[in-house]
Amino acid sequence: MSFPSRAAARRTLLAALGAGVLSAGWPSADPADPSGLDAPAKKDLAMRLVSSAENSSLDWQAQYAYIEDIGDGRGYTAGIIGFCSGTSDMLALVELYTNRVPRNPLAPYLPALRAVDGTGSHEGLDPGFPAAWRTAARTSAFRRAQRDERDRGYFDPAVARAKKDGLGTLGQFIYYDAMVMHGPGSDARSFGGIRDRARARADTPADGGDQTAYLHAFLDARVRAMRQEAAHRDVSRVETAQRLFLTAGNLDLDTPLKWRVYGDSYEID
């Protein structure tokens, strides 16, 4: 069964806590490490893998201008990882961009973004916000802001946590993809809760456990969390992609890779 682009890939953030929830309580990334998922080629591979699920495309760099309401109750979804007007990360992004470029097409919408945060409302955003987003996406400054906010809120804390848990490149990607979909909260359906459930079943390598056994436990916990939300019940993002790589013993996430997500097949040589 083919699912609409992004419809099965929305994270649950604790929006009521504000934008600070995106980084609070998670380890800061160490300075850029040329190994693991931080290596430029591996990071690009990670973005392509996530984009296959988030955008039904391997071309993640074509998504800066993307914006639509996919009807999941999180308002507008936009950009390279699906920043949402209802889940604090879009607000954090536009604030970052405006701090760097005060006069920009999105700055006038900041009061409305603050007002709708935590809701699916478009009040104060329609009709001009999507066009303003696409205009901003033509600029290198806004594209850079998207990458930086992706790294601050999702990539860097996920990879840092994975390294502290003793995980290799595949494990770092598994953490990152879970962070993108579920958000970095501590409840049962967020990244922190998923990790806690996995650790109750298997030790991380840092605690003396086997990496493959722990990652299977983490994916099991993630599948359990996904099936608690209608939008996430297709678990092919895990079972015919990440689980496939893990079962093959590809802990370094080496190419070539073949996988399926939401009925679509992908391949990277």
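A residue is called buried when its relative accessible area is under 20%, exposed when it is over 50%, and partly exposed in between, using a 1.4 Å probe and protein chains only. The structure discussed here is a predicted model, in which local features need pLDDT of at least 70 and side-chain atom pairs count only at pLDDT 80 or more, while totals for chains, interfaces and linings use all residues. Residues are numbered from 1 along each chain as its sequence is written, and side-chain values use heavy atoms, with hydrogens and water left out.

Arg195 is a good place to start. With a relative accessible area of 9%, Arg195 is buried, and its home is helix α7. Helices here are DSSP runs of H or I with at least four residues, strands are runs of E with at least two, and both are numbered from the N terminus. Helix α7 spans residues 191–201, and its buried residues are Phe191, Gly192, Gly193, Ile194, Arg195 and Ala198. Among the elements covering them are α5 (140–164), α6 (169–182) and α8 (211–226). Contact means heavy atoms within 4.5 Å. Not counting residues up to four places away in sequence, Arg195 touches Arg161, Asp165, Tyr175, Tyr214 and Phe218. With one of these, Asp165, the side chain of Arg195 shares a polar contact of 2.8 Å. A polar contact is a pair of N or O atoms within 3.5 Å; within protein, one must be able to donate a hydrogen and the other to accept it, and residues adjacent in sequence count only if both atoms are side-chain atoms.

Lys43, in helix α1 (residues 40–54), is another charged residue to look at. Lys43 is buried too, because its relative accessible area is 18%. Its side chain makes a polar contact of 2.9 Å with the side chain of Asp151. Setting aside residues up to four places away in sequence, Lys43 touches Leu37, Arg150, Asp151 and Phe155.

Next comes a pair of strands. Along β4 (residues 257–261), Leu257, Trp259 and Val261 point to one face and are buried, whereas Lys258 and Arg260 point to the other and are not. In a regular strand the side chains alternate between the two faces of the sheet. β4 pairs with β5 (residues 264–268) in the antiparallel sense, over five bridges; two strands pair if DSSP finds at least two bridges between them. Lys258 stands opposite Glu267 in β5. Two residues sit between the strands of this hairpin, where Tyr262 takes a positive phi near 50°.

Tyr262 also leads to Ser236. The backbone nitrogen of Tyr262 lies 2.8 Å from a polar atom of the Ser236 side chain. Ser236 belongs to helix α9 (residues 236–247) and counts as buried, at 14% relative accessibility. Its side chain is joined to that of Asp234 by a polar contact of 2.6 Å. Leaving aside neighbours within four places in sequence, Ser236 is in contact with Ala241, Arg260, Val261 and Tyr262.

Finally, there is a helix crossing. The axes of α2 (residues 89–100) and α4 (residues 129–136) come within 14 Å and cross at roughly 50°. Axes are lines fitted to C-alpha atoms, for helices over the stretch in contact, and angles run from 0 to 180 degrees between N-to-C directions. The two helices are therefore oblique to each other, since angles under 35 degrees count as roughly parallel, over 145 as roughly antiparallel, 65 to 115 as roughly perpendicular and the rest as oblique. Where they meet, Met90, Leu93, Val94 and Tyr97 of α2 face Phe129, Trp133 and Ala136 of α4 in contact.
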